[in-house]
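Student: I am new to this one and would like a close look at a single part. Please pick one place to start and work outward from there.

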Amino acid sequence: MYDIIIIGAGPAGLSAAIYGIRAGKSVLVLEGKTYGGQIVNTPEVENYPGIKKMSGFEFATELYQQAKDLGAQIKMEKVLTVEKADGRSEYDLQAAEIEGQENSHIIVTTSKGIYEAGAVIFATGAKNRLLGLPREKEMTGAGISYCATCDGMFYRNKSVAVNGGGSTALEDALFLSNYCKEVYLIHRRDTFRGEQKLVEALKKRENVKFILNSVITGLIGEETLTGVQIKEKNGEEKVLMIDGLFIAIGQEPETALAKELVAVDGKGYIQAGEDCKTTTQGIFVAGDCRTKAIRQLTTAASDGAVAALMAVEYLDQKEAKQ
Ligand code: NAP
């Protein structure tokens, strides 16, 4: 039995682990993929206070090592289910809480075992949003990528396009412009959601071309991608021949595991305020999978700290009642 189980070893989950451990609790972090979350795909972190410049992978590795050295157990196991030990639903539990009944502990089942904890923190993050075009999944790895830092090198001296208008798309285009012959930045509007500093940097690159007010309507190619069909806002359609397409149109929360246990909003984000408390006692949420306005490395780390300290408070209060 652990005090706290954290699901997800990204910046939010690992920050929560650090705070949980330092508050004297036993902490298990479970991660189904690899540690670090989405930050590992960021070429350079330049906006984390106290760190001038560091690669996302290096940042994630330092954070992972820090949590481990402090005493967090981190297991690379995919979580399959999360349930209250007494099997009650969120709504039964809310009723029980109103009646002042004590909540049971939580059971987490993974691909390798069953673990129990007094509190659980969901730090499951978000996954890449798909364009939803026919053959998009089939062509992933065959001309389509969602990670410029992972796959950019395959397109050295080739023509690529990046789709999106947020900071990820802008950073991807900048990164790719270092290696690729041509980089087309395709965005559905004429202004960017991402950082202006990145837009200015892109404008200075001779091999970067902006295709604005345009959406991708089709993928061209047999076994691998050879081009895309584009539709402009004015209805005009054209074909752009490229060797690679990097899709960076935002994320969707990874909250399928939590949906039976806590309330989520219309987009699937786990509902919680700045205190990171979900609608179910003993279950907390941190990072990109929480309902909030700003999703950044700093806010993920901040959530991790808050969720862990709230979990600690919950466990201490529960113990004091017993
Ligand atoms: P994002 O900010 O949500 O931007 C997604 C972009 O994709 C938007 O420009 C959006 O267009 C476009 N888009 C969404 N759905 C689309 C569709 N179906 N077809 C075409 N275009 C579509 O996502 P992100 O860039 O991945 O960033 C996620 C979060 O991480 C943000 O909070 C961002 O600030 C943060 N981030 C920060 C940094 C940094 O600080 N260095 C780096 C990367 C990411 P519209 O603009 O028209 O909605």
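**From one strand residue to the interior**

Tutor: Ile5 is part of strand β1, which covers residues 2-7. The model is a predicted one, and what follows should be read with that in mind. The relative accessibility of Ile5 is 0%, and buried means under 20%, so Ile5 counts as buried. Leaving aside residues up to four places away in sequence, Ile5 touches Leu28, Leu30, Val108, Tyr115, Glu116, Ala117, Ala119, Val120 and Ile121. One of these, Tyr115, is 110 residues away from Ile5 in sequence, while their C-alpha atoms are 8.4 Å apart in space.

That residue belongs to a wider picture. Among contacts in the protein chain with a separation of 6 or more, 61% join residues 24 or more positions apart. The chain has seven helices and 17 strands. Of its 322 residues, 50% are buried. A compact globule with 322 residues would have a radius of gyration near 20 Å, and the 22 Å of this chain agrees with that. Along the principal axes, the C-alpha atoms fill a box of roughly 70 × 40 × 35 Å. The chain exposes about 15700 Å², of which carbon and sulfur atoms supply 48%.

Next, consider a helix in the interior. Helix α5 runs over residues 167-177, and eight of its 11 residues are buried, so the rest of the structure largely encloses it. Those buried residues are Ala169, Leu170, Asp172, Ala173, Leu174, Phe175, Leu176 and Ser177. What do they pack against? The partners include two helices, α4 (148-151) and α6 (196-203). The others are the strands β9 (159-163), β10 (182-186), β11 (208-211) and β15 (244-247).

Helix α6 can be looked at in turn. Its buried residues are Leu198, Val199 and Leu202. Viewed down the axis of α6, these residues fall within an arc of 100°, so they line one face of the helix. A general point helps here: an α-helix has 3.6 residues a turn, so residues three or four places apart point the same way. On the other side of α6 are Lys197 and Lys203, both exposed. The buried residues of α6 pack against α5, β10 and β11.

Two of the elements around α5, namely α4 and β15, lead on to the aromatic rings. The count of aromatic pairs in the model is seven. In one of them, Tyr155 and Phe246 meet edge-to-face, with 5.5 Å between the ring centres and 80° between the planes. Tyr155 is in the loop between α4 and β9, whereas Phe246 is in strand β15, so the pair ties together parts that are 91 residues apart in sequence. Which side of the buried cut-off do these residues fall on? Tyr155 has a relative accessible area of 11%, so it is buried. Phe246, at 1% relative accessibility, is counted as buried too.

A second edge-to-face pair is made by Phe284 and Tyr314, at 6.1 Å centre to centre and 65° between the planes. Phe284 is in strand β17 (residues 283-285) and Tyr314 is in helix α7 (residues 297-321), so this pair joins parts 30 residues apart in sequence. Both Phe284 and Tyr314 are buried. Another ring has a charge as its neighbour: the charged end of Arg295 sits over the ring of Tyr269, 3.9 Å from the ring centre.

Two loop residues finish the tour. Asn157 is in the loop between α4 and β9, the loop that also holds Tyr155. Asn157 is not a glycine, yet its phi is positive, at about 65°. Its relative accessible area is 57%, and exposed means over 50%, so Asn157 counts as exposed. Cys276 is not a glycine either, and its phi is also positive, at about 65°. The place of Cys276 is the loop between β16 (251-253) and β17, and β17 is the strand that holds Phe284. Is Cys276 buried or exposed? With a relative accessible area of 0%, Cys276 is buried. The two loop residues therefore fall on opposite sides, with Asn157 exposed and Cys276 buried.

Note on methods
Residues are numbered from 1 along each chain as its sequence is written. This is a predicted model: local features need pLDDT of at least 70, side-chain atom pairs count only at pLDDT 80 or more; totals for chains, interfaces and linings use all residues. Side-chain values use heavy atoms; hydrogens and water are left out. Buried means under 20% relative accessible area, exposed over 50%, partly exposed in between (1.4 Å probe, protein chains only). Helices (H or I, at least four residues) and strands (E, at least two) are DSSP runs, numbered from the N terminus. Contact means heavy atoms within 4.5 Å. Rings of Phe, Tyr and Trp (its six-membered ring) pair if their centres lie within 6.5 Å; planes under 30 degrees apart count as stacked, over 60 as edge-to-face and the rest as tilted. A charge sits over a ring if NZ of Lys or CZ of Arg is within 6 Å of the ring centre and within 35 degrees of the ring normal. The arc is that of the directions from the helix axis to the C-beta atoms. The radius of gyration is taken over C-alpha atoms; the globule rule is 2.2 Å times the number of residues to the power 0.38. Accessible areas come from the Shrake-Rupley method with a 1.4 Å probe; for residues, only the protein chains shown count as cover.
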